[in-house]
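Take a look at the model below. Turn it around once before you read on.

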Amino acid sequence: MKDISLAEEIDAILPQTQCRQCGFSGCRPYAEAIAEERAQINQCPPGGEDGIHQLARLLGVEPLPLNTAHGVFKPKEVALIDEQACIGCTLCIQVCPVDAIVGAARQMHTVISGECTGCSLCLEPCPVDCIQMVLPKERSSSAEIGVHVAWTEPDHQDYAVEKVEKKKAADRARARYQLRLQRLEREKQGREERLAKRTEATVTMARLSSAASLKKVTIQAALERARGAKAQASPGISKKEDWSDRTSDISSR
Ligand code: SF4
Ligand code: SF4
Ligand code: SF4
(Lines give C-alpha, C1' and ligand atoms only; values in the text may rest on other atoms or scores of the structure.)
(Ligands and ions follow the chains in the order given, each with its own letter.)
Protein backbone atom coordinates (compact mmCIF):
# COMPACT_ATOMS: atom_id res chain seq x y z
CA MET A 1 0.00 0.00 0.00
CA LYS A 2 1.50 3.34 -1.07
CA ASP A 3 1.87 6.10 1.48
CA ILE A 4 0.74 8.84 -0.93
CA SER A 5 1.23 11.85 1.35
CA LEU A 6 4.76 10.83 2.35
CA ALA A 7 5.60 10.09 -1.30
CA GLU A 8 4.32 13.56 -2.20
CA GLU A 9 6.49 15.19 0.47
CA ILE A 10 9.52 13.27 -0.76
CA ASP A 11 8.69 14.11 -4.38
CA ALA A 12 8.51 17.79 -3.41
CA ILE A 13 12.18 17.59 -2.37
CA LEU A 14 13.43 15.75 -5.47
CA PRO A 15 14.78 17.98 -8.27
CA GLN A 16 12.39 16.71 -10.99
CA THR A 17 15.15 16.29 -13.54
CA GLN A 18 13.40 13.01 -14.49
CA CYS A 19 16.77 11.59 -15.53
CA ARG A 20 16.25 8.02 -14.18
CA GLN A 21 19.73 7.87 -12.65
CA CYS A 22 18.15 6.74 -9.39
CA GLY A 23 17.09 3.52 -11.12
CA PHE A 24 13.42 4.48 -11.37
CA SER A 25 11.41 5.82 -14.30
CA GLY A 26 11.17 9.30 -12.78
CA CYS A 27 11.26 11.28 -9.56
CA ARG A 28 7.77 10.27 -8.43
CA PRO A 29 8.39 6.51 -8.69
CA TYR A 30 11.64 6.99 -6.74
CA ALA A 31 9.75 9.02 -4.11
CA GLU A 32 7.22 6.19 -3.77
CA ALA A 33 10.04 3.66 -3.45
CA ILE A 34 11.66 5.71 -0.64
CA ALA A 35 8.27 6.05 1.10
CA GLU A 36 7.85 2.28 0.92
CA GLU A 37 11.46 1.70 2.08
CA ARG A 38 12.35 0.02 -1.21
CA ALA A 39 15.09 2.55 -1.98
CA GLN A 40 17.74 4.52 -0.13
CA ILE A 41 17.69 8.31 0.09
CA ASN A 42 21.10 8.68 -1.60
CA GLN A 43 20.34 7.59 -5.18
CA CYS A 44 19.65 10.97 -6.81
CA PRO A 45 22.77 12.65 -8.25
CA PRO A 46 21.00 15.85 -9.42
CA GLY A 47 19.69 16.37 -5.88
CA GLY A 48 23.21 16.04 -4.49
CA GLU A 49 24.14 16.15 -0.81
CA ASP A 50 21.67 18.96 -0.19
CA GLY A 51 18.80 16.80 -1.40
CA ILE A 52 19.95 13.88 0.72
CA HIS A 53 20.03 16.07 3.83
CA GLN A 54 16.54 17.38 3.15
CA LEU A 55 15.24 13.82 2.71
CA ALA A 56 17.01 12.70 5.89
CA ARG A 57 15.41 15.55 7.84
CA LEU A 58 11.96 14.73 6.48
CA LEU A 59 12.27 11.03 7.29
CA GLY A 60 14.10 11.50 10.60
CA VAL A 61 17.04 9.36 9.53
CA GLU A 62 20.79 9.85 9.27
CA PRO A 63 21.99 11.31 5.94
CA LEU A 64 24.07 9.01 3.74
CA PRO A 65 26.77 9.99 1.26
CA LEU A 66 25.60 10.10 -2.36
CA ASN A 67 25.78 6.62 -3.88
CA THR A 68 28.04 7.30 -6.85
CA ALA A 69 26.96 4.07 -8.49
CA HIS A 70 24.03 6.23 -9.64
CA GLY A 71 26.23 9.10 -10.85
CA VAL A 72 27.87 12.20 -9.47
CA PHE A 73 26.49 15.64 -8.73
CA LYS A 74 27.34 18.26 -11.36
CA PRO A 75 26.10 21.72 -12.30
CA LYS A 76 22.90 21.79 -14.28
CA GLU A 77 23.36 21.69 -18.04
CA VAL A 78 20.89 22.04 -20.88
CA ALA A 79 20.72 20.26 -24.21
CA LEU A 80 21.81 22.07 -27.35
CA ILE A 81 20.99 20.75 -30.81
CA ASP A 82 23.27 21.44 -33.76
CA GLU A 83 20.43 22.51 -36.01
CA GLN A 84 22.49 22.18 -39.22
CA ALA A 85 23.22 18.52 -38.49
CA CYS A 86 19.72 17.57 -37.26
CA ILE A 87 17.92 15.25 -39.71
CA GLY A 88 14.50 15.69 -38.08
CA CYS A 89 14.02 12.07 -37.05
CA THR A 90 12.00 13.07 -33.91
CA LEU A 91 13.67 10.39 -31.73
CA CYS A 92 14.78 13.00 -29.20
CA ILE A 93 11.23 14.37 -28.87
CA GLN A 94 9.94 10.91 -28.07
CA VAL A 95 12.21 10.48 -25.03
CA CYS A 96 12.17 14.00 -23.57
CA PRO A 97 10.35 13.63 -20.23
CA VAL A 98 9.17 17.24 -20.12
CA ASP A 99 8.42 17.92 -23.81
CA ALA A 100 11.22 20.46 -24.01
CA ILE A 101 12.09 19.75 -27.67
CA VAL A 102 10.13 21.21 -30.56
CA GLY A 103 10.23 20.15 -34.20
CA ALA A 104 8.42 18.02 -36.73
CA ALA A 105 9.39 15.01 -38.84
CA ARG A 106 12.17 15.83 -41.33
CA GLN A 107 12.46 19.34 -39.92
CA MET A 108 15.05 20.96 -37.72
CA HIS A 109 14.56 20.45 -33.97
CA THR A 110 15.41 22.80 -31.16
CA VAL A 111 15.44 22.68 -27.36
CA ILE A 112 13.34 25.06 -25.28
CA SER A 113 16.20 25.71 -22.91
CA GLY A 114 14.00 27.17 -20.16
CA GLU A 115 12.10 23.89 -19.95
CA CYS A 116 15.08 21.54 -20.32
CA THR A 117 15.82 19.75 -17.04
CA GLY A 118 19.26 18.60 -18.19
CA CYS A 119 18.35 14.91 -17.96
CA SER A 120 20.51 13.97 -21.02
CA LEU A 121 18.00 11.33 -22.10
CA CYS A 122 17.87 12.79 -25.62
CA LEU A 123 21.58 12.21 -26.31
CA GLU A 124 21.55 8.44 -26.71
CA PRO A 125 18.81 8.04 -29.34
CA CYS A 126 20.10 10.80 -31.65
CA PRO A 127 21.39 8.93 -34.74
CA VAL A 128 23.72 11.74 -35.84
CA ASP A 129 25.04 12.77 -32.40
CA CYS A 130 24.02 16.37 -32.92
CA ILE A 131 22.94 17.02 -29.31
CA GLN A 132 25.34 18.06 -26.60
CA MET A 133 24.91 19.15 -23.02
CA VAL A 134 26.21 22.63 -22.24
CA LEU A 135 26.13 25.04 -19.35
CA PRO A 136 23.24 27.46 -19.98
CA LYS A 137 25.55 30.40 -20.59
CA GLU A 138 27.31 28.48 -23.40
CA ARG A 139 24.21 28.33 -25.55
CA SER A 140 24.56 30.06 -28.91
CA SER A 141 22.27 33.00 -29.53
CA SER A 142 20.86 31.38 -32.69
CA ALA A 143 19.50 28.54 -30.61
CA GLU A 144 17.73 30.99 -28.33
CA ILE A 145 15.70 32.72 -31.01
CA GLY A 146 12.03 32.78 -30.07
CA VAL A 147 12.71 30.81 -26.91
CA HIS A 148 12.00 31.98 -23.39
CA VAL A 149 14.96 31.17 -21.15
CA ALA A 150 13.49 30.71 -17.67
CA TRP A 151 16.45 28.95 -16.10
CA THR A 152 19.02 31.19 -14.44
CA GLU A 153 22.27 30.04 -12.91
CA PRO A 154 21.75 30.11 -9.12
CA ASP A 155 23.79 32.47 -7.01
CA HIS A 156 25.87 30.16 -4.85
CA GLN A 157 26.41 33.01 -2.35
CA ASP A 158 22.78 33.03 -1.51
CA TYR A 159 21.47 29.59 -0.60
CA ALA A 160 17.92 30.83 0.01
CA VAL A 161 17.64 32.39 -3.45
CA GLU A 162 19.12 29.29 -5.03
CA LYS A 163 16.63 27.11 -3.21
CA VAL A 164 13.67 29.20 -4.31
CA GLU A 165 14.88 29.11 -7.94
CA LYS A 166 15.41 25.38 -7.81
CA LYS A 167 11.98 24.84 -6.28
CA LYS A 168 10.32 26.91 -9.01
CA ALA A 169 12.16 25.02 -11.74
CA ALA A 170 11.33 21.68 -10.10
CA ASP A 171 7.63 22.55 -9.77
CA ARG A 172 7.53 23.55 -13.41
CA ALA A 173 9.33 20.38 -14.51
CA ARG A 174 6.99 18.23 -12.42
CA ALA A 175 3.94 19.86 -14.02
CA ARG A 176 5.35 19.37 -17.54
CA TYR A 177 6.29 15.76 -16.73
CA GLN A 178 2.76 15.05 -15.50
CA LEU A 179 1.22 16.72 -18.55
CA ARG A 180 3.40 14.54 -20.76
CA LEU A 181 2.32 11.38 -18.92
CA GLN A 182 -1.32 12.41 -19.37
CA ARG A 183 -0.73 13.05 -23.09
CA LEU A 184 0.96 9.66 -23.51
CA GLU A 185 -1.95 7.99 -21.71
CA ARG A 186 -4.47 9.75 -23.98
CA GLU A 187 -2.50 8.67 -27.05
CA LYS A 188 -2.34 5.09 -25.77
CA GLN A 189 -6.09 5.03 -25.17
CA GLY A 190 -6.66 6.48 -28.64
CA ARG A 191 -4.48 3.75 -30.18
CA GLU A 192 -6.30 1.04 -28.21
CA GLU A 193 -9.70 2.40 -29.27
CA ARG A 194 -8.64 2.53 -32.93
CA LEU A 195 -7.28 -1.02 -32.69
CA ALA A 196 -10.51 -2.25 -31.04
CA LYS A 197 -12.57 -0.61 -33.82
CA ARG A 198 -10.37 -2.16 -36.52
CA THR A 199 -10.62 -5.59 -34.86
CA GLU A 200 -14.40 -5.26 -34.61
CA ALA A 201 -14.61 -4.27 -38.29
CA THR A 202 -12.40 -7.23 -39.29
CA VAL A 203 -14.54 -9.66 -37.27
CA THR A 204 -17.73 -8.23 -38.82
CA MET A 205 -16.26 -8.54 -42.33
CA ALA A 206 -15.16 -12.11 -41.61
CA ARG A 207 -18.65 -12.99 -40.36
CA LEU A 208 -20.30 -11.38 -43.41
CA SER A 209 -17.88 -13.12 -45.73
CA SER A 210 -18.48 -16.47 -44.05
CA ALA A 211 -22.28 -15.95 -44.21
CA ALA A 212 -21.98 -15.09 -47.91
CA SER A 213 -19.87 -18.21 -48.53
CA LEU A 214 -22.39 -20.35 -46.68
CA LYS A 215 -25.19 -18.87 -48.75
CA LYS A 216 -23.26 -19.58 -51.97
CA VAL A 217 -22.57 -23.18 -50.95
CA THR A 218 -26.23 -23.69 -49.99
CA ILE A 219 -27.46 -22.30 -53.33
CA GLN A 220 -24.92 -24.42 -55.23
CA ALA A 221 -26.03 -27.56 -53.40
CA ALA A 222 -29.71 -26.75 -54.06
CA LEU A 223 -29.00 -26.23 -57.76
CA GLU A 224 -27.17 -29.53 -57.99
CA ARG A 225 -30.02 -31.32 -56.24
CA ALA A 226 -32.50 -29.71 -58.67
CA ARG A 227 -30.43 -30.76 -61.69
CA GLY A 228 -30.20 -34.32 -60.36
CA ALA A 229 -33.98 -34.51 -59.82
CA LYS A 230 -34.64 -33.16 -63.34
CA ALA A 231 -32.27 -35.66 -64.89
CA GLN A 232 -34.06 -38.53 -63.14
CA ALA A 233 -37.50 -37.28 -64.18
CA SER A 234 -36.59 -36.93 -67.94
CA PRO A 235 -33.63 -39.20 -68.94
CA GLY A 236 -33.37 -37.78 -72.56
CA ILE A 237 -30.42 -39.73 -73.98
CA SER A 238 -31.62 -43.15 -72.67
CA LYS A 239 -35.06 -42.59 -74.24
CA LYS A 240 -33.52 -41.78 -77.63
CA GLU A 241 -31.36 -44.89 -77.50
CA ASP A 242 -34.42 -46.93 -76.54
CA TRP A 243 -36.47 -45.51 -79.50
CA SER A 244 -33.73 -46.26 -82.09
CA ASP A 245 -33.52 -49.83 -80.77
CA ARG A 246 -37.26 -50.25 -81.26
CA THR A 247 -37.09 -48.75 -84.85
CA SER A 248 -34.41 -51.27 -85.87
CA ASP A 249 -36.52 -54.13 -84.46
CA ILE A 250 -39.55 -53.10 -86.59
CA SER A 251 -37.51 -52.79 -89.88
CA SER A 252 -35.94 -56.19 -89.38
CA ARG A 253 -39.37 -57.87 -89.25
S1 SF4 B 1 16.23 13.70 -10.59
FE2 SF4 B 1 16.74 11.83 -11.65
S3 SF4 B 1 17.85 10.62 -10.12
FE4 SF4 B 1 16.80 12.24 -9.03
S5 SF4 B 1 14.88 11.30 -8.40
FE6 SF4 B 1 14.50 12.36 -10.32
S7 SF4 B 1 14.77 10.78 -11.86
FE8 SF4 B 1 15.71 10.00 -10.00
S1 SF4 C 1 15.89 18.37 -24.04
FE2 SF4 C 1 17.07 16.51 -23.63
S3 SF4 C 1 18.19 17.00 -21.78
FE4 SF4 C 1 16.58 18.51 -21.95
S5 SF4 C 1 14.87 17.67 -20.77
FE6 SF4 C 1 14.57 17.02 -22.86
S7 SF4 C 1 15.54 15.02 -23.02
FE8 SF4 C 1 16.30 16.00 -21.14
S1 SF4 D 1 17.37 12.85 -32.46
FE2 SF4 D 1 18.96 14.18 -33.31
S3 SF4 D 1 18.64 14.11 -35.53
FE4 SF4 D 1 16.79 13.30 -34.58
S5 SF4 D 1 15.44 15.10 -34.44
FE6 SF4 D 1 16.53 14.94 -32.50
S7 SF4 D 1 18.31 16.24 -32.76
FE8 SF4 D 1 17.51 15.90 -34.78
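We start with the whole chain and then go through its parts.

This is a predicted model. The protein has seven helices and four strands. Along the sequence, these elements follow the pattern α-α-α-β-α-β-β-β-α-α-α. Of the 253 residues, 23% count as buried. Now consider contacts with a separation of 6 or more. Residues 24 or more positions apart account for 60% of these contacts.

Next come the ligands. Which residues come nearest to ligand 1? They are Thr17, Cys19, Cys22, Cys27 and Cys44, out of 16 residues around this ligand. The shell of ligand 1 divides into ten nonpolar residues, five polar and one charged.

One of those nearest residues, Cys27, leads us to helix α2. This helix covers residues 27-35 and is mostly covered: seven of its nine residues are buried. Which ones? Cys27, Arg28, Tyr30, Ala31, Glu32, Ile34 and Ala35 are the buried residues of α2. Just after α2 sits glutamate 37, with a positive phi of about 60°.

Go on to the loop between α3 (48-59) and β1, where valine 61 is found. Is valine 61 buried or exposed? Count its neighbours. A residue is exposed if 12 or fewer other C-beta atoms lie within 10 Å of its own. Valine 61 has 11 C-beta neighbours inside 10 Å, so this residue counts as exposed. In sequence, valine 61 is 20 residues apart from isoleucine 41. In space, the two are 9.5 Å apart, C-alpha to C-alpha.

After the loop comes strand β1. Both faces of this strand are covered. Val78 and Leu80 are buried on one side, and Ala79 and Ile81 are buried on the other. β1 pairs with strand β4 (residues 131-134) in the antiparallel sense, over four bridges. Within that pairing, alanine 79 has methionine 133 of β4 as its bridge partner.

Stay with alanine 79. Leave out residues up to four places away in sequence, and this residue touches Val111, Cys116, Cys122, Ile131 and Met133. Alanine 79 also belongs to the largest nonpolar core, which has 19 residues. The members that touch the most others are Ala79, Ala100, Val111, Cys122 and Ile131. Two elements, β1 (78-81) and α6 (159-233), give two or more residues to this core. A second, separate core has 14 residues, including Cys27, Ile34, Ile41 and Leu55. Two of these names are familiar: Cys27 and Ile34 are among the buried residues of α2.

Alanine 79 turns up once more, at ligand 2. There, Ala79, Cys96, Cys116, Cys119 and Cys122 are the closest of 14 surrounding residues. This shell divides into eleven nonpolar residues and three polar, with no charged ones. Now find ligand 3, which has 16 residues around it. The nearest are Cys86, Cys89, Cys92, His109 and Cys126. Twelve nonpolar and four polar residues make up the shell of ligand 3, and no charged residue is part of it.

Last, follow the chain to residues 167-201. UniProt lists them as "coiled-coil region", in an unreviewed entry. What does the model show there? Over residues 167-201 the chain is 100% helix and 0% strand. The end C-alpha atoms of this stretch are 51 Å apart. As you trace the helix, keep one rule in mind. An α-helix has 3.6 residues a turn, so residues three or four places apart point the same way.

Conventions
Residues are numbered from 1 along each chain as its sequence is written. Chains are lettered from A and ligands numbered from 1 in the order in which they are written. This is a predicted model: local features need pLDDT of at least 70, side-chain atom pairs count only at pLDDT 80 or more; totals for chains, interfaces and linings use all residues. UniProt positions are given in the numbering used here, feature names are shortened, and annotations may be inferred rather than shown by experiment. A residue is near a molecule or strand if its C-beta atom, placed from the backbone, lies within 6 Å of it. Ala, Val, Leu, Ile, Met, Phe, Trp, Tyr, Cys and Pro count as nonpolar, Asp, Glu, Lys and Arg as charged, and the others, Gly among them, as polar. A nonpolar core is a set of buried Ala, Val, Leu, Ile, Met, Phe, Trp, Tyr and Cys residues joined through C-beta atoms within 7 Å. A residue is buried if 20 or more other C-beta atoms lie within 10 Å of its own, exposed if 12 or fewer, and partly exposed in between; C-beta atoms are placed from the backbone. Two residues are in contact if their C-beta atoms, placed from the backbone, lie within 7 Å. Two strands pair if DSSP finds at least two bridges between them.
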